Amino acid sequence: MPENLRLYVPDPDGADSYPIVSLSWLLLYDRYPDHQKSAALKRFVTWGLSSGQSYSPDLGYIPLPAEITLLSRAAVAKIE
């Protein structure tokens with residue numbers, strides 16, 4: 001996983017193949033002018049990277065691997 005968290009999962013080979021997995025992306029600023037909104041955003045995204053992962057199977061997704069959630073949570077913690 002690169003430091004910038006830009007991970008691309010290659011498509012499988014073969015004429016009848018299709019991407020089986022992909023990642024969903026969030027584009028967030030490093031800094032927000034409203035500290036209350038910034039804190040709320042960080043709480044929500046952190047929830048999605050922790051407790052919120054339990055909803056993945058019911059929504060047709062798989063939970064993120066532990067390494068990705070740890071790196072993503074560290075990136076969210078840096079938001080001001």
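Author: Let's start with a definition: a residue counts as buried when its relative accessible area is under 20%, as exposed when that area is over 50%, and as partly exposed in between. Keep in mind, too, that this is a predicted model.

Reader: Okay, let me try that out on S51. Is S51 buried, exposed or partly exposed?

Author: First, find the residue: S51 sits in the loop that links α1 (35-48) to α2 (66-77). Its relative accessible area comes to 44%. Since buried means under 20% and exposed means over 50%, the label for S51 is partly exposed.

Reader: And how far is S51 from I62, C-alpha to C-alpha?

Author: Along the chain, S51 and I62 are eleven residues apart. In space, their C-alpha atoms are separated by 14 Å.

Reader: Stepping back, how many helices and strands does the chain have?

Author: You've already met α1 (35-48) and α2 (66-77) on either side of the S51 loop. The count for the chain is two helices and zero strands.

Reader: Is the chain as compact as a globule, or more spread out?

Author: For 80 residues, the globule rule gives 12 Å. The radius of gyration of this chain is 15 Å, well over that value. The C-alpha trace spans about 50 × 30 × 20 Å along its principal axes. Because the radius of gyration exceeds the rule, the chain is, next to a compact globule, more spread out.

Reader: What share of the residues counts as buried?

Author: The chain exposes about 6800 Å², with carbon and sulfur atoms supplying 58% of that area. To be buried, a residue has to stay under 20% relative accessible area. Of the 80 residues, the share that does so is 15%.

Reader: How much of the contacts with a separation of 6 or more comes from residues 24 or more positions apart?

Author: Here we look at contacts in the chain whose partners have a separation of 6 or more. Residues 24 or more positions apart account for a share of 52%.

Reader: Now the rings. Is the pair of Y29 and Y32 stacked or edge-to-face?

Author: The structure holds three aromatic pairs. In one of them, the ring centres of Y29 and Y32 lie 5.6 Å apart, with the planes at 80°. Planes over 60 degrees apart get a label of their own, so the Y29 and Y32 pair is edge-to-face.

Reader: Which label does Y32 get, buried or exposed?

Author: Its partner Y29 has 60% relative accessibility and counts as exposed. Y32 comes out at 18%, and the limit is 20%. Y32 therefore counts as buried.

Reader: What about F44 and W47: what kind of aromatic pair do they form?

Author: Both lie in helix α1, three residues apart, or about one turn of the helix. Their rings are 6.2 Å apart centre to centre, with 25° between the planes. Planes under 30 degrees apart decide the matter, so this pair is stacked.

Reader: Which residue joins F44 and W47 in one aromatic cluster?

Author: F44, at 55% relative accessibility, counts as exposed, while W47, at 38%, counts as partly exposed. Together with these two, the cluster includes Y55.

Reader: Which residues does L41 touch, not counting those up to four places away in sequence?

Author: L41 is in helix α1 and is partly exposed at 24% relative accessible area. Its C-alpha lies 9.4 Å from that of L28, although the two are 13 residues apart in sequence. Leaving out residues up to four places away, L41 touches L28 and Y32.

Reader: On to α2. How far apart are its end C-alpha atoms?

Author: α2 has twelve residues, and at 1.5 Å a residue they should span 16 Å. The model agrees with that, because the end C-alpha atoms are separated by 16 Å.

Reader: Which residues of α2 are exposed on the other side from the buried ones?

Author: The buried ones are I68, T69, S72 and V76. They cover an arc of only 95° around the axis, which puts them on the same side of α2. On the other side, the exposed residues are A66, E67, L70 and A77.

Reader: Which helix helps cover the buried residues of α2?

Author: Take T69, which lies in α2 and counts as buried at 11% relative accessibility. T69 touches L49 and L64, not counting residues up to four places away. For the buried residues of α2, what covers them includes α1.

Conventions. Residues numbered from 1 in each chain as written. Predicted model: local features only at pLDDT ≥ 70, side-chain atom pairs only at ≥ 80, totals over all residues. Heavy atoms only, no water. Helix = DSSP H or I, 4+ residues; strand = E, 2+ residues; numbered from the N terminus. Buried < 20%, exposed > 50% of the residue type's maximum accessible area, 1.4 Å probe, protein only. Phe/Tyr/Trp six-rings, centres within 6.5 Å; stacked < 30°, edge-to-face > 60°. Expected span 1.5 Å × (residues − 1). Arc of directions from axis to C-beta. Contact = heavy atoms within 4.5 Å. Rg over C-alpha atoms; globule rule 2.2 N^0.38 Å. Areas by Shrake-Rupley, 256 points an atom, 1.4 Å probe, with all protein chains shown as cover.
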